[in-house]
Amino acid sequence: MNTFMNLAVELATSNRFAPPPNPSVGCAIGTPESSKLGQGHTQRAGGPHAEIMALRDAAGKGNSVVGATAYVTLEPCSHHGRTGPCCDALIAAGIKKVVATNLDPNPLVAGQGFARLRAAGVEVEVLDPTDPMAIASRELNIGFFSRMIRKTPWVRMKVAASLDGTTALNNGASQWITSPEARADGHTWRARSCAILTGIGTVLADKPRLDVRLVETSRQPHLVVVDSDLQTPLNAPFFIAGRTVFIYAAIRSDARQAALEALGAKVIYLPGYNAQGQPTGKVDLTAMLTDLGQREINELHVEAGFKLNGSLVREGLVDEFVVYLAPKLLGQGAGMFNIGPLPELAQGVALDFKSTDMVGPDLRIVARVQGRDNF
């Protein structure tokens, strides 16, 4: 079983950039004698799912799957969404057994796929949640699990800094603190996300494109801009044809909204209020995440300045950090986050280090807020 399930996870991982907002799923079909019959992974949204691709692969090779076992990295779907139910296709093909890593968290499925398979006489085995393959496939789709269960995206913040935590000099210079290798690796994290989030300060100061250029991808993530006063320039480089841009504002300006929407942007007003019910003039970031969840954003990749970073951290909205530390000291300048000062050490944000790796000459740290993945 491990060979086929490993293959299924590898298939899902190899194609992780394409499927969002769908989960990235892999499927391998084999015989009890360990002969591989077919394999496949989920295509772009609206295209065939992994199980369908694996059945097609087997048919294309002239392999019968009657009596075979399908190994899949998520419960086969049981509903009509952009495509038909995968469990029905497996039943019709004569699959005898399905081994899956995880229950589908989508309320439209959530065990119904397994129930339909069992009702048709198909044996179903679901891995223990602590199984390494179950953990790997869930991690691969943690944003999908977050959106389905918490109704908000998985928020991952990327920061590039010197060893002493400086992200820009006092004069604003920040390009480039880290190496070309680190920048390319950062684009890999961009590519797996549904959307990239930044703030108007970064837009005005850096004029960024915030797209995926340094790694190959078939899909550009959406862009999200927190712009309370609708200051986004009409000639901003990120207005790329065919790419969705969401601009969240707090203060209404019909003329600016019309001009931005003429470029294809979607302007959403979500003003924040203080405890006394008075407008703050800032975007309600918690409401923004809820809205993005409703817009099918699984993973939200944050690349912003220390002010917006600090607001997201202070409000407890960040799940995970990807930090690149360059082997240099830059002294005074902008930091990673504008938070504190804290009166007590216990009030700090507790993290778990998920990985530490060298990327070129830089150190990459992936750290997760403790308990954020308990859903």
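This note walks through the sheets, helix contacts and unusual backbone spots of a predicted model.

1. **The five-strand sheet.** Five strands form an open sheet in the order 2-1-3-4-5. Pairing is mixed. Strand 2 (36–41) and strand 5 (123–126) are the edges, and each pairs on one side only. From one strand to the next the twist averages 15°.

2. **A parallel pair inside that sheet.** Strand 3 (residues 69–72) pairs with strand 4 (residues 97–100) in the parallel sense. Four bridges hold the pairing. For a register check, use Tyr71: its opposite number in strand 4 is Val99.

3. **Helices on the five-strand sheet.** Helix 1 (residues 2–14) packs on the sheet and touches strand 1 (26–30), strand 2, strand 3 and strand 4. The direction of helix 1 makes about 150° with that of strand 1. Helix 4 (residues 112–119) also packs on the sheet, where it touches strand 4 and strand 5. Its direction makes about 150° with that of strand 5.

4. **Helix 1 against helix 5.** The axes of helix 1 and helix 5 (residues 132–140) come within 10 Å. They cross at roughly 10°. The two helices are therefore roughly parallel, since angles under 35 degrees count as such. Helix 1 contributes Met5, Asn6, Val9, Ala12 and Thr13 to the contact. Helix 5 contributes Met133, Ala136 and Leu140. By class, this contact has six nonpolar residues, two polar and no charged ones.

5. **Helix 2 against helix 3.** Which way do helix 2 and helix 3 cross? The crossing is left-handed. The axes of helix 2 (residues 50–60) and helix 3 (residues 86–93) come within 9 Å, at roughly 25°. That angle makes this pair roughly parallel, too. On the helix 2 side the contact uses Glu51, Ile52 and Leu55. On the helix 3 side it uses Cys86, Ala89, Leu90 and Ala93. The class count is six nonpolar, no polar and one charged.

6. **The nine-strand sheet.** A second open sheet has nine strands, ordered 11-10-9-8-14-6-15-18-17. Pairing is mixed here as well. The edges are strand 11 (266–269) and strand 17 (351–359), each paired on one side only. The twist averages 20° from one strand to the next.

7. **Strand 18 and its two neighbours.** Strand 18 (residues 362–369) runs antiparallel to strand 15 (residues 320–326), joined by six bridges. In that pairing, Val322 has Val366 as its bridge partner. Strand 18 is also antiparallel to strand 17, through eight bridges. There, Val359 stands opposite Asp362. Strands 17 and 18 make a hairpin with two residues between them. In this hairpin Gly360 takes a positive phi near 60°.

8. **Helix 11 across the nine-strand sheet.** Which strands does helix 11 (residues 306–314) lie across? They are strand 6 (154–162), strand 8 (195–199), strand 9 (222–226), strand 14 (299–302) and strand 15. Helix 11 runs at about 135° to strand 6.

9. **An aromatic link.** The structure holds four aromatic pairs. One of them is Trp154 with Phe375. The ring centres are 6.2 Å apart and the planes meet at 55°, a tilted pair. Trp154 lies in strand 6 and Phe375 in the segment after strand 18, so the pair ties together parts that are 221 residues apart in sequence.

10. **Cis peptide bonds.** Most peptide bonds are trans, so cis bonds deserve a look. Pro20 and Pro21 are joined by a cis bond with omega about 10°. Pro21 sits in the loop between helix 1 and strand 1. The bond from Gln175 to Trp176 is cis, too, with omega near 0°. Trp176 is in the loop between strand 7 (168–169) and helix 7 (180–192).

11. **A positive phi off glycine.** Most residues other than glycine have a negative phi. Ser34 is not a glycine, yet its phi is positive at about 70°. Ser34 lies in the loop between strand 1 and strand 2.

Note on methods: Residues are numbered from 1 along each chain as its sequence is written. This is a predicted model: local features need pLDDT of at least 70, side-chain atom pairs count only at pLDDT 80 or more; totals for chains, interfaces and linings use all residues. Side-chain values use heavy atoms; hydrogens and water are left out. Axes are lines fitted to C-alpha atoms, for helices over the stretch in contact, and angles run from 0 to 180 degrees between N-to-C directions. Angles under 35 degrees count as roughly parallel, over 145 as roughly antiparallel, 65 to 115 as roughly perpendicular and the rest as oblique. A crossing is left-handed if the near helix is turned anticlockwise from the far one by less than a right angle, and right-handed if clockwise. Contact means heavy atoms within 4.5 Å. Ala, Val, Leu, Ile, Met, Phe, Trp, Tyr, Cys and Pro count as nonpolar, Asp, Glu, Lys and Arg as charged, and the others, Gly among them, as polar. Two strands pair if DSSP finds at least two bridges between them. Rings of Phe, Tyr and Trp (its six-membered ring) pair if their centres lie within 6.5 Å; planes under 30 degrees apart count as stacked, over 60 as edge-to-face and the rest as tilted.
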